[in-house]
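Got the viewer open? Then let's walk through this one stop by stop, with something to select at each.

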Amino acid sequence: MVDIQEQMCKRAIELLLLPEDENLLLLDIGCGSGLSGSVIEEYGYTWIGIDISSAMLGVALEREVEGDLILGDMGQGIPFRAGTFDGAISISALQWLCNADKSSYNPSKRLYTFFSTLFSCLSRSARAVFQFYPENSEQIELITTQATKAGFYGGVVVDFPNSTKAKKFFLVLMTGGPAVLPQALGTNDNGTVISYISKREQIKKARGKPLKNSRDWIAEKKERRRKQGKNVREDSKYTGRRRCSKF
């Protein structure tokens, strides 16, 4: 599950079309325990996470994630100043706004409140990408309608549409005007199905980043934390060494 979460986050960041080698600030909506935030860190970006679950945020704090964390319900709006973020992502959270978990909840109003406040806190060239699990086409229409009312342009990109397990929905929203949506994974221009496994391996090796938890990866993360003024343990001959399996 962790591997799948990381793959979907990497795909969401890819759909943001962010410029490389710039210190950008991203918003992770429904950040949970900070798994997506860890992927954002690997790309060299700074992030702030918001989640409705204090328990999940507690797990993120225990993991010592580098992003700042905020407890909040995205259906009540995103509490940031205008133009704060250079982009936003969300993994497996958007569909919950379609549910009326309380008698006072109105899905349409909560979605509009969410999208309108998100639109405000994004820069005018930013994108927002949501990986979500719609129950039916009516939910997709409800979500896209409220996003359009809030001022966004964009649409839904469906990766691997011919696969039962690999099929993923991404809502790609743009603030700077209409633009061509990115091509979905899983088919080429001729409609031929592309192997999901091979593409997944390509994503893992994208941008030439060191493998997670390797010595190089740990050294890079320590250096980022030192630049942020945080206390970091000194390197030793045991740094990044793989531990023996237990008997």
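Colour by secondary structure and trace the protein chain from its N terminus: the order of elements reads α-β-α-β-α-β-β-α-β-α-β-β-α-α. That comes to 7 helices and 7 strands. Bear in mind that this is a predicted model.

**Confidence colouring**

Switch to colouring by pLDDT. The mean for the protein chain is 85, with 87% of residues at 70 or more. Strand β1 has the highest confidence, at a mean of 97, and helix α6 (residues 196-204) the lowest, at 49. Now select residues 190-200. Here pLDDT stays under 50, and the model has 15 contacts beyond four places in sequence for this stretch. Where pLDDT is low, the predicted coordinates should not be read in detail.

**The largest core**

Next, show side chains for Leu 27, Ile 29, Leu 94, Phe 114, Phe 115, Leu 118 and Phe 130. The largest nonpolar core has 31 residues, and these seven touch the most other members. Which elements each supply at least two residues of this core? They are β1 (25-29), β2 (46-51), β4 (85-91), α4 (107-121), β5 (122-132), α5 (137-149) and β7 (168-174). The most come from α4, which gives 6 residues.

Centre on Phe 130 and pull up its contacts. Setting aside neighbours within four places in sequence, Phe 130 is in contact with Ile 29, Ser 90, Leu 94, Phe 114, Phe 115, Leu 118, Phe 169, Phe 170, Leu 171 and Leu 173. Apart from this core lies another one, of 26 residues, including Ile 91, Val 129, Phe 170 and Ala 184.

For the whole protein chain, 43% of the 247 residues count as buried. As for contacts between residues at least 6 apart in sequence, 64% join residues at least 24 apart.

**Two helix pairs**

Hide everything except α4 and α5. Their axes come within 8 Å and cross at roughly 45 degrees, so α4 is oblique to α5. The crossing of this pair is right-handed. To see what meets what, select Pro 107, Ser 108, Leu 111, Tyr 112 and Phe 115 on the α4 side; across from them in α5 are Leu 142, Ile 143, Gln 146, Ala 147 and Lys 149.

Then swap in α1 and α2 (residues 35-42). Here the axes are 9 Å apart and the packing angle is about 50 degrees, which means that α1 is oblique to α2. The crossing of α1 and α2 is right-handed. From α1, Val 2, Gln 5, Glu 6, Cys 9, Lys 10 and Ile 13 meet Leu 35, Ser 36, Val 39, Ile 40 and Glu 42 in α2.

**Two arginines**

Stay with α1 (residues 2-16) and pick Arg 11, which lies in this helix. Is Arg 11 buried or exposed? With a relative accessible area of 4%, Arg 11 is buried. Beyond residues up to four places away in sequence, Arg 11 touches Val 157, Asp 159, Phe 170, Gln 183, Ala 184 and Leu 185. Among those, Phe 170 and Ala 184 belong to the 26-residue core.

Now jump to Arg 63, in the loop between α3 (54-62) and β3 (68-71). Arg 63 is partly exposed, at a relative accessible area of 34%. Try a distance label from Arg 63 to Ser 33: their C-alpha atoms are 8.0 Å apart, with their positions 30 residues apart along the chain. Leaving out neighbours within four places in sequence, the contacts of Arg 63 are Ser 33, Gly 34, Leu 35 and Ser 38.

**Two positive phi angles**

Last stop: backbone torsions. Most residues other than glycine have a negative phi. Start with Leu 17, which is not a glycine yet has a positive phi of about 55 degrees. Leu 17 sits in the loop between α1 and β1, and is exposed, with a relative accessible area of 56%.

Then select Phe 160, in the loop between β6 (153-159) and β7. Phe 160 is also not a glycine and has a positive phi, of about 50 degrees. What is the relative accessible area of Phe 160? The value is 8%, so Phe 160 counts as buried.

Technical notes:
Residues numbered from 1 in each chain as written. Predicted model: local features only at pLDDT ≥ 70, side-chain atom pairs only at ≥ 80, totals over all residues. Heavy atoms only, no water. Core = buried A, V, L, I, M, F, W, Y, C linked by side-chain atoms within 4.5 Å. Buried < 20%, exposed > 50% of the residue type's maximum accessible area, 1.4 Å probe, protein only. Helix = DSSP H or I, 4+ residues; strand = E, 2+ residues; numbered from the N terminus. Contact = heavy atoms within 4.5 Å. pLDDT = per-residue confidence, 0-100. Axes fitted to C-alpha atoms, helices over the stretch in contact; angles between N-to-C directions. Parallel < 35°, antiparallel > 145°, perpendicular 65-115°, else oblique. Left-handed = near helix turned anticlockwise from the far one by under 90°.
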